[in-house]
Each structure stands twice: as structure tokens, then as C-alpha cells.
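Trainee: I would like to learn how to read burial, helix packing and residue contacts from a structure. Where do we begin?

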Amino acid sequence: MPDHDDSPRPDGVTDDPLASERAEPLSLNAQLRDAVRNAGIGQVAPGEAPSGRALLTAVGGVRGLAESVLPGLAFLVVYAITKELVPSVVIPVVIGAVFVVLRLLQRQSLAMSLAGILGVAISAGLALVTGKAESNFIPGIVINAVWLVGLLVTLAIRRPLIGLIVGFLLPPDADGSHQDWRADPAKRRVLTVATWIWVGLFAVRLLIEIPLYVTAQVELLAGIKLITGVPLYAAVLWVTWLLVRTVFRREDDTAAV
């Protein structure tokens, strides 16, 4: 997404399109919009041309990638070498804690690191309590199942999730009202297809991971989770971006046609 200069101009006017909403801290709409914009999928800006840099930002940047990949990679490597449960689940927690400390020292946002270490800690706790290495993957399987069900619900009620996200990202009309993408059959169709693609992402993860979990193929499960994690997420995000761009064009692009 393009960078926006939110600093005030000499006349005291800000370029922030959400300035009026930010002035109302209790505005639920403003809070939801900020949450969507800060999420990875929020980088799929309607009408913007996708770029590698924006995609990297969407998956958390270089540090975000490291925080997402290294704990799982550490589990795989340690378990493959030692076949010991305790070091295999404790070392990823230590890695997550290191990232939290680094962000704290550099006074950066802790949201991603804390969320990451919480997930790793819960996974490690389940594995230690059950004494089974495959239990380390239960939280991930549950999260994928919840996302899958949630996406299917939005499709069933004809409010595809990608459409809802795009709706928050669209600029308001001239009268200040929100654009209604549902009134356009082409936009509704594309956003529905994009949502089905995300359904496919979570369905593929579950179809692969559940049998491996049931059969306790820990090393293979760890490797597959790494492959279907950030790489597959980034690929689906890129395809979604391209689809959204087919029906949402920037004004300057339209004028050039």
C-alpha cells in the first residue's frame, strides 16, 4: 500500500482520511477500520497494484516472518535430532521470548510478538501435559477450523468475509456514506470467489494436518505446517489482491483507459 503522510500541514490540516474518526476514540467503526487496516489481509487495498514490498509488509515484514517461522522451524530441527519432547517445545518458547525482549528494548509494538509467544506457549503446554509431541499442533488445527467455519458462515449469509474487509478499506462516497460493493454483481462475484479461495487455504491445511496428527507423524506434520503457513498464506493473499484489483480500479487508472 502507498505510504501516507499523516503529519499536519502548515495550515493545521491533516491528510489522514480517517482523522475525523480518530477524533472519536469510542467510534466502533473507526476501531474496526483501524483493526482491518493493521491486519495482514488489510494490505489488500482496493485498486492498488500489488507489490513485493507491500506483500512483505502484509506478512509482517522481515522480523514478522522470522517470528512466525523460527519457532516452528526450531521445533522441527530439535525434534528431528533429539526425538525429545521437552527441548523441542521449550526452545521455540525461548525464541519467542527473545523476540518479545528485542521489541521491548527497541520500543516497538509488542502485539505480534506477544500473540506469537502466547500461541507457542499454549502449544508447548499442551504437548507437555499430554506427553505427546503431536499435541503441539492442536491449537493450530483448532484455529484453522475456526477460520474455516467463520468463512463458510459469511458465505452462507451472503456477506463474504473478503467483501466485508474490502468494505472497510474503501474510501467513502462524496456524501460521506460507505460504498456498497454488494450493489455491483461483478464486485460481489469476485469478492465471493476470493473468500472461497481462503476457504480452500484453511481446508487444505486441515485435510493435510489432521491425518498427520491422528497418525502422530510429528516431523512431517511440522514440515507441512511450515510450508502451508506463511508461504501459502502469502500466495493466497497475492491472488486475492489481484482478484480485488480486477473490479476496484483507482481513479487515475480509470482515467488512463
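Mentor: Begin with burial: a residue counts as buried when its relative accessible area is under 20%. In this predicted model, buried residues make up 37% of the 257 residues in the protein chain.

Trainee: What area does the protein chain expose, and what share of it do carbon and sulfur atoms supply?

Mentor: The exposed area of the protein chain is about 14300 Å², and carbon and sulfur atoms supply 67% of it.

Trainee: How many helices and strands are there in the protein chain?

Mentor: The protein chain has 12 helices and 0 strands. Its pattern along the sequence is α-α-α-α-α-α-α-α-α-α-α-α. As for contacts with a separation of 6 or more, residues 24 or more positions apart account for 70% of them in the protein chain.

Trainee: How do I read a helix pair? At what angle do the axes of H4 and H5 cross?

Mentor: Take the angle between the two axes and compare it with the cut-offs; over 145 degrees counts as roughly antiparallel. The axes of H4 (residues 61–82) and H5 (residues 85–105) cross at roughly 155° and come within 8 Å. H4 and H5 are therefore roughly antiparallel to each other.

Trainee: Is the crossing of H4 and H5 left-handed or right-handed?

Mentor: H4 passes H5 in a right-handed crossing.

Trainee: Which residues in H4 meet which residues in H5?

Mentor: On the H4 side, the residues include Leu70, Pro71, Ala74, Phe75 and Val78; among those they meet in H5 are Val89, Ile91, Pro92, Ile95 and Phe99. By class, the contact of H4 with H5 has 14 nonpolar, 2 polar and 3 charged residues.

Trainee: Now single residues. Why does Asn144 count as buried?

Mentor: The test is again the cut-off of under 20% relative accessible area. Asn144 counts as buried because its relative accessibility is 6%. Asn144 lies in helix H7 (residues 138–156). Leaving aside neighbours within four places in sequence, its contacts are Phe202, Arg205, Leu206 and Glu209.

Trainee: Where is Asn136 found, and is Asn136 buried or exposed?

Mentor: Asn136 is in the loop between helix H6 (111–130) and H7. With a relative accessible area of 12%, Asn136 is buried.

Trainee: Which residues is Asn136 in contact with, leaving aside its neighbours within four places in sequence?

Mentor: Asn136 is in contact with Phe75, Val89, Ser123, Ala124 and Ala127. Two of these names came up earlier: Phe75 in H4 and Val89 in H5 are part of the contact between those helices.

Technical notes: Residues numbered from 1 in each chain as written. Predicted model: local features only at pLDDT ≥ 70, side-chain atom pairs only at ≥ 80, totals over all residues. Heavy atoms only, no water. Axes fitted to C-alpha atoms, helices over the stretch in contact; angles between N-to-C directions. Helix = DSSP H or I, 4+ residues; strand = E, 2+ residues; numbered from the N terminus. Parallel < 35°, antiparallel > 145°, perpendicular 65-115°, else oblique. Left-handed = near helix turned anticlockwise from the far one by under 90°. Contact = heavy atoms within 4.5 Å. Nonpolar A, V, L, I, M, F, W, Y, C, P; charged D, E, K, R; others polar. Buried < 20%, exposed > 50% of the residue type's maximum accessible area, 1.4 Å probe, protein only. Areas by Shrake-Rupley, 256 points an atom, 1.4 Å probe, with all protein chains shown as cover.
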